[in-house]
Amino acid sequence: MEGVQAWVSKHKLGTIGGIWAAAVGGSFAANNRSSTPALKPSLRLIHARMHAQAITLSVLSGAAIYHHFHDQMEANRQPIGGLTGR
C-alpha cells in the first residue's frame with residue numbers, strides 16, 4: 001500500500017487525469033447501455049463529461065481532506081518549541 005501511495009504522491013496530476021479519463025469512459029459506456037436510445041452521441045458525451053467532473057471533484061476533495069489531516073497529524077508529532085520531552 002505504501003508503494004501505491006508513494007507513486008500517487010509522485011504523479012498527482014497523472015493520477016487525477018487517469019481517474020477522470022476512466023470516469024468519462026465508464027460513464028459513456030454506461031450511457032450507451034441505457035434504455036434511452038433517442039439521445040444523440042454528443043449529448044451522451046456531455047453527460048459522461050459531467051459525471052467525470054463530479055467524480056474528479058470528489059477525488060480532489062478527498063485528497064484535500066486527507067492532506068489536511070495528514071499535515072495535522074505530522075504537526076502533532078513534532079515537539080513544540082524544540083522541547084525534547086524532558
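**Exercise 1. Describe the fold of the chain in terms of its secondary structure elements.**

Step 1. The chain has three helices and zero strands. The model is a predicted one.

Step 2. Read from the N terminus, the order of elements is α-α-α.

Step 3. The helices are α1 (2-10), α2 (12-32) and α3 (41-77).

Step 4. Among the contacts with a separation of 6 or more, 50% join residues that are 24 or more positions apart.

**Exercise 2. Take the "transmembrane region" features of the UniProt record and state what the model shows at those residues.**

Step 1. The unreviewed UniProt entry places this feature at residues 12-30 and 50-69.

Step 2. In the model, residues 12-30 are 100% helix and 0% strand, and the C-alpha atoms at the two ends are 27 Å apart.

Step 3. Residues 50-69 are likewise 100% helix and 0% strand. Here the end C-alpha atoms lie 29 Å apart.

**Exercise 3. State what part of the chain is buried, and what the accessible surface is made of.**

Step 1. The chain has 86 residues, and 10% of them count as buried. The cut-off for buried is under 20% relative accessible area.

Step 2. The accessible surface is about 7,100 Å². Carbon and sulfur atoms account for 67% of that surface.

**Exercise 4. Classify S27 and A48 as buried or exposed, and list their contacts beyond four places in sequence.**

Step 1. S27 is in helix α2, and A48 is in helix α3.

Step 2. S27 has a relative accessibility of 11%. This value is under 20%, so S27 counts as buried.

Step 3. A48 has a relative accessibility of 0%, so A48 also counts as buried.

Step 4. With neighbours within four places in sequence left aside, S27 contacts H47, A48 and H51.

Step 5. With residues up to four places away left out, A48 touches V24, S27, F28 and N31. The pair S27 and A48 thus appears in the contact lists of both residues.

Step 6. A48 and A29 are 19 residues apart along the chain, and their C-alpha atoms are separated by 8.6 Å.

**Exercise 5. Assign L43 and M50 to an accessibility class, and give one C-alpha distance for each.**

Step 1. L43 is located in helix α3, and M50 also lies in helix α3.

Step 2. The class partly exposed falls between the buried limit of 20% and the exposed limit of 50%. L43, at a relative accessible area of 32%, is therefore partly exposed.

Step 3. M50 has a relative accessibility of 47%, so M50 counts as partly exposed.

Step 4. From L43 to N31 the C-alpha distance is 9.9 Å, with their positions twelve residues apart in sequence.

Step 5. From M50 to A23 the C-alpha distance is 9.7 Å, and the two are 27 residues apart along the chain.

**Exercise 6. Characterise the largest pocket by volume, central residues, contributing helices and residue types.**

Step 1. The volume of the largest pocket is about 520 Å³.

Step 2. The pocket is lined by 15 residues, and those closest to its centre are V8, S9, K12, A63 and Y66.

Step 3. Each of α1, α2 and α3 supplies at least two residues of the lining. The largest share, eight residues, comes from α3.

Step 4. By type, the lining has seven nonpolar, six polar and two charged residues.

Conventions:
Residues are numbered from 1 along each chain as its sequence is written. This is a predicted model: local features need pLDDT of at least 70, side-chain atom pairs count only at pLDDT 80 or more; totals for chains, interfaces and linings use all residues. Side-chain values use heavy atoms; hydrogens and water are left out. UniProt positions are given in the numbering used here, feature names are shortened, and annotations may be inferred rather than shown by experiment. Helices (H or I, at least four residues) and strands (E, at least two) are DSSP runs, numbered from the N terminus. Buried means under 20% relative accessible area, exposed over 50%, partly exposed in between (1.4 Å probe, protein chains only). Contact means heavy atoms within 4.5 Å. Accessible areas come from the Shrake-Rupley method with a 1.4 Å probe; for residues, only the protein chains shown count as cover. On a 1 Å grid over the protein atoms alone, a cavity is a set of points where a 1.4 Å probe fits but cannot get out, and a pocket is an open set with protein on both sides within 12 Å along at least five of seven lines; lining residues have an atom within 4 Å of a point. Grid points are joined across faces, edges and corners, and a volume is the space filled by probe spheres set on the points. Ala, Val, Leu, Ile, Met, Phe, Trp, Tyr, Cys and Pro count as nonpolar, Asp, Glu, Lys and Arg as charged, and the others, Gly among them, as polar.
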